[in-house]
Amino acid sequence: MPEMVKGIVTHIQRFSVHDGPGIRTLVFMKGCYLRCQWCDNPETINHSAEVGLVKAHCNKCGKCPGACPEQAITLDAEGIPVIDSQRCNNCAKCVAVCLPEALILYGREMTVEEVFQEVKQDEIFYEKSGGVTASGGEPLRQATFVKALFERCREAGIHTALETCGFAPAGALEQVLPVLQYCLFDLKHMNPDVHRAYTGQPNDVILDNARKVVESGVTVLFRSPLIPGINDSQENIKATASFLKELQGDKACFELMPYHRLGKAKYEALRRPYPLEELKSPEPDYAESIRQAYQDLGIHCTISK
Amino acid sequence: MAKFNQKLLSEIDNVQLSPRLARFHEKFFEGRPGIASERVTLAMESWKETEGEPIPLRAAKKLKKIVEGIPITIHPGEILVGSPTKYFRGADPYCDFDGSYLQALMAEDRITLGGPEVEGAFTKEDWDKLLVAVRYFKGKTWTEQARATYRPIYGTWYDDAIEAGAVFRHDIWAMFIDRPDFDKVFAIGLEGIIKEVEGYIEGFGRNGDSDVDKLHFWKAAVISCQAAIDLAKRYAQRARELAAAEPDVARRAELEEVAQVCEWVPGKPPRNFYEACQVVVFIHLTLWLQNGIAPPAGLGLLDQLLYPYFIKDINEGRLTLEKAADILGSLLTYIARQERVHAIDWRQYHQMGPYLNTAIAGVTRDGKDASSEFTYFFLHMAGLVKYAEPHIPVRWHSGIPREIMRKAIETNIKVGGGVPQFQNSEHMIRYMTARGVSIENARDWSGGGCSQACPADSGTEMSPQYFNAVLAVDLALHNGVASVTGKRIGPETGEATTSQTFEQLYEAWERQYEYVARKTLACDRIIDAVQARYWSQPLASSLLPGCLEKGKDFAAGGLPHYRMWPLKDRGFISAADSLMSIKKLVFEKRELTMTELIQATDANFAGERGEEIRQMCLAEPKFGNDNPEVDGLVHDMGKFSASVIFSEKNIFGYPYALNRNGQAWHFQVGVKMGALPSGRKAHEPLADGSLSPEQGMDRKGPTAVLKSALRADFTDATGGILNMGFPVALFKAPEIREKMIDFIETFFKQGGTYIQFNILDRQTLIEAKKHPEQYKDLVVRVGGFSAYFVTLSPEVQDELIRRTESTF
């Protein structure tokens with residue numbers, strides 16, 4: 001039963017307007033192969049469920065230590081919980097007693113049918129152009145689930161889109177392609193060594209998959225986070241542009257997503273250090289100058305958000 | 001799209017704010033609005049002279065006296081003239097309408113206007129004159145007469161219910177005219193109307209008629225129409241005087257033109273766009289001078305009305321787009337400038353000023369798309385002058401041109417909050433025709449105030465009365481006693497602690513709600529009957545359908561019908577969120593006893609378990625999250641209220657209609673009310689608009705809010721206001737603006753009735769609160785109402801800030 005296939009989902013976000021055509025529902029799949037230092041969704045990196053704490057929401061009721069069977073929670077001087085990551089096994093019993101939702105469980109197991117029912121809620125808004133977008137994390141890490149979800153959506157006439165970093169095991173992309181209608185594909189860096197240095201993986205698989213998705217005929221929008229000092233060199237811009245030209249010719253498009261630090265709070269919630277502490281959010285003019293550089297190379301380039 | 005002249009549209013897009021309009025904008029925001037005394041002093045003198053005469057004649061003679069004596073001010077740079085006071089932005093208190101209200105305001109040695117934060121500036125001389133007028137009118141007005149009539153019958157019940165926030169004080173209200181018949185004035189001029197009335201007067205004796213009141217009414221109509229013409233002539237005279245002394249050649253020519261225009265209209269039909277706009281101002285101004293409290297709440301469908309004049313003048317080369325922009329911009333400025341000194345109940349309900357509606361777009365009487373290049377121009381100018389008013393509902397229909405929707409969103413972004421707003425015309429037409437209005441008159445509906453609507457053959461808005469569904473929850477929990485005031489408002493439905501099932505409690509809510517609504521309407525009908533006899537509006541009646549033919553004031557039965565007399569039922573969202581918490585915590589999960597919950601809310605969640613109980617309440621399902629159970633409760637409560645209200649009839653024998661409006665009601669009533677089982681603390685605002693989720697409770701984003709709103713199904717009412725806050729960043733990209741248009745259209749196609757956007761970022765609001773002087777023109781929505789953010793009380797400001805941070 002494909003609709004009973006299970007996946008790990010961190011969050012389902014309705015009314016997404018930046019992730020594909022129309023008004024969309026974004027399904028954030030948990031787990032990623034890359035370890036990008038600029039990642040703004042750190043809660044989607046690990047494959048398994050994790051407990052996080054948003055201190056600002058805590059009302060200091062003091063219930064959570066008692067709810068924890070592992071004695072992993074103590075209270076600090078102000079009455080705010082401190083989680084011992086060594087002891088915590090992410091059982092989420094503390095989350096259940098936290099009424100103000102300061103303690104959050106990132107990631108829960110859902111069947112395709114459950115996710116589909118959530119996606120279907122906004123059916124009336126998809127009428128013109130919207131639909132579902134699988135995002136993450138890397139959705140291709142759960143390709144069987146995504147394929148089954150997309151099949152279910154297509155049966156119901158719901159448009160499907162995928163947001164991918166392109167790094168996935170052999171066969172994963174091929175599995176999803178037949179039921180995919182739109183692809184947002186990240187090209188983070190063209191140099192394999194730099195790519196490995198900042199994301200933990202080389203880019204050969206990614207470039208390969210980029211070719212495959214273009215050849216399949218699915219509409220693709222290539223894009224990239226724009227990280228000052230990391231992927232904004234003339235050399236990388238030229239290499240990216242020529243790769244795009246090779247794939248898409250005169251119709252080549254590229255979307256830049258300027259680096260921002262909004263994800264920092266999530267690192268704190270997950271008790272992880274923020275990797276790019278020194279890096280500042282760039283000025284708006286900066287993104288515009290990079291956009292212009294792509295334009296000058298014949299790429300129709302836009303800036304997201 | 002082929003419909004529009006694309007060249008003209010792109011010329012309109014290039015129209016900039018002229019130095020003239022920019023100066024007005026500056027003047028608008030400089031200093032405090034002035035409080036004047038001339039109108040009410042003249043009203044007093046006239047009232048002394050006419051003692052013992054029939055009321056309509058007294059009202060007419062009062063207007064004549066005012067028009068002859070009021071200062072005539074033409075402000076520098078004005079080309080459309082007309083000002084209710086000597087100030088650019090000013091108000092004249094209406095003691096002739098309500099003799100007791102101003103004293104309370106003056107007791108504080110200051111006079112505040114629409115919002116409690118807006119203090120008026122006044123001279124010692126005006127203050128002293130106002131005191132004289134206040135003393136004179138005390139005990140002599142219809143509102144006091146109304147109180148003296150219902151109090152012996154109902155004792156203090158009505159006042160107690162008002163104090164508790166159950167209902168609104170209906171006796172400080174006059175019927176508004178929503179749609180002066182400009183078609184008629186444009187066709188035959190006021191002189192033509194006078195001629196018509198003289199025919200009726202002449203026929204009275206000739207034909208024989210037993211009702212001499214008609215004769216008084218007609219005479220009053222003639223005097224009032226003539227007063228409007230005379231007022232214009234005084235402006236013509238003033239313009240000539242100014243022109244004679246004007247050294248600047250260009251300004252002298254302008255003033256000479258003003259004199260020519262005012263000499264011609266509104267007595268004679270306008271000959272061009274300029275004169276047509278001046279007619280609109282003069283009619284509005286004279287109506288206000290007669291009434292004092294209730295100027296028109298709407299001006300009809302200005303885009304359809306003015307388009308033929310505009311396009312003819314443009315096409316024939318007699319009018320440049322720049323001059324048209326100055327004229328239309330002046331008209332919008334004129335509307336924005338209107339201020340009122342309101343009674344305390346009113347000012348909290350309203351927060352701010354003119355309360356004037358100029359609906360646009362929609363369909364024509366024969367069902368075709370009504371929008372034009374002028375509709376586009378109207379939106380463009382509203383985006384340039386950036387005032388909170390008028391309210392500009394875009395009458396959406398499925399054939400509305402995309403250009404109009406795009407322009408509307410663009411204007412929305414420029415102004416910030418709620419200008420324009422989007423109203424589903426197709427719903428309105430269904431609503432009106434179901435109530436017996438003809439299809440043509442329904443298609444031709446126009447707006448009043450924030451979200452009311454009247455069919456073309458009615459032209460008025462009748463009642464601000466509201467019923468408070470949340471207070472009925474309080475009454476059901478306290479056996480009919482309002483918990484904050486401790487006074488009995490409703491019947492004894494039993495102690496809530498003895499309810500065995502949720503259904504029992506829900507039934508108690510129904511009984512409380514119904515009892516208060518029916519008893520209030522009994523009082524209101526007395527008030528309406530007193531008003532019909534003792535407060536006359538002959539000029540307004542001359543400009544409404546049916547009244548002249550019948551020889552009757554519109555408040556006394558002159559209109560062809562009263563099918564759209566809209567009462568307001570409010571608070572369903574906060575009420576349903578509250579009942580849902582009780583249902584879950586007390587009856588289903590049994591985590592709390594009813595006693596524990598009532599004790600916690602009565603103590604405003606203080607005490608040992610207070611905060612814990614509040615958190616439990618907050619965690620239960622809330623409206624706005626696409627949750628069928630709580631949305632269904634809103635639906636059921638709304639339907640129940642409609643069934644009660646539709647079973648009651650107004651004083652003319654028509655079933656009441658419903659308008660679920662917005663305004664600052666949620667704030668005014670919230671202040672009066674204790675803590676709620678929804679988790680809301682005492683005295684905090686209730687959910688705003690009529691379909692907006694409780695502040696910060698919508699956690700699943702805008703589409704879930706719309707789904708909830710659709711499930712609630714407020715199609716029994718007009719309005720059904722849904723406010724949504726969006727960060728301005730969302731609207732930067734054109735392709736996302738397109739998605740927002742689709743979002744609105746999806747909502748309307750599914751049956752949604754009304755939506756408006758606050759487009760702002762939270763930081764802007766925080767800065768504006770800290771540095772009000774730098775954000776004087778920041779417009780935001782409060783309920784169904786636009787206001788200047790800096791004029792709002794800190795609590796309302798905080799609420800708006802919370803809204804922007806808590807959602808999506």
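**Exercise 1. Describe the open sheet of five strands in chain B and the helices that pack on it.**

Step 1. The strand order in this predicted model is β4-β5-β6-β15-β14 (chain B), with mixed pairing. Strands (E, at least two residues) and helices (H or I, at least four) are DSSP runs numbered from the N terminus, and two strands pair if DSSP finds at least two bridges between them.

Step 2. The edges are occupied by β4 (360-361) and β14 (723-726) of chain B; each has a single partner strand, so one side of each lacks a neighbour in the sheet.

Step 3. β14(B) runs parallel to β15 (residues 754-759) of chain B, and four bridges join them. Met724(B) has Phe757(B) as its bridge partner in β15(B).

Step 4. Helix α18 (residues 425-434) of chain B packs on the sheet and touches β5 (393-396) and β6 (421-424) of chain B, its direction making about 40° with that of β6(B). Helix α30 (residues 734-749) of chain B also packs on the sheet, where it touches β5, β6, β14 and β15 of chain B; its direction makes about 155° with that of β15(B). Contact means heavy atoms within 4.5 Å.

Conventions: residues are numbered from 1 along each chain as its sequence is written, and chains are lettered from A and ligands numbered from 1 in the order in which they are written. In this predicted model, local features need pLDDT of at least 70, side-chain atom pairs count only at pLDDT 80 or more, and totals for chains, interfaces and linings use all residues, while side-chain values use heavy atoms, with hydrogens and water left out.

**Exercise 2. Determine the strand partners of β12 (residues 657-660) of chain B and state whether its faces are buried or exposed.**

Step 1. β11 (residues 566-570) of chain B pairs with β12(B) in the parallel sense over two bridges; Pro566(B) is partnered by Ala657(B).

Step 2. β13 (residues 718-719) of chain B likewise pairs with β12(B) in the parallel sense, over two bridges, and the bridge partner of Asn659(B) is Thr718(B).

Step 3. Ala657(B) and Asn659(B) lie on one side and Leu658(B) and Arg660(B) on the other, and all are buried (under 20% relative accessible area; exposed is over 50%, partly exposed in between, with a 1.4 Å probe and protein chains only).

**Exercise 3. Characterise the packing of helix α3 (residues 112-120) of chain A against helix α5 (residues 143-155) of chain A.**

Step 1. The axes come within 10 Å and cross at roughly 45°, which makes α3(A) oblique to α5(A). Axes are lines fitted to C-alpha atoms, for helices over the stretch in contact, with angles from 0 to 180 degrees between N-to-C directions. Angles under 35 degrees count as roughly parallel, over 145 as roughly antiparallel, 65 to 115 as roughly perpendicular, and the rest as oblique.

Step 2. The contact residues include Phe116(A) of α3(A) and Leu149(A) of α5(A). By class, the contact has eight nonpolar, no polar and two charged residues (nonpolar: Ala, Val, Leu, Ile, Met, Phe, Trp, Tyr, Cys and Pro; charged: Asp, Glu, Lys and Arg; polar: the others, Gly among them).

**Exercise 4. Locate the cis peptide bonds joining Gly136(A) to Gly137(A) and Val265(B) to Pro266(B).**

Step 1. For the glycine pair, omega is about 15°; Gly137(A) is in the loop between β8 (131-136) and α5 of chain A.

Step 2. For Val265(B) and Pro266(B), omega is about 0°; Pro266(B) is in the loop between α11 (249-264) and α12 of chain B.
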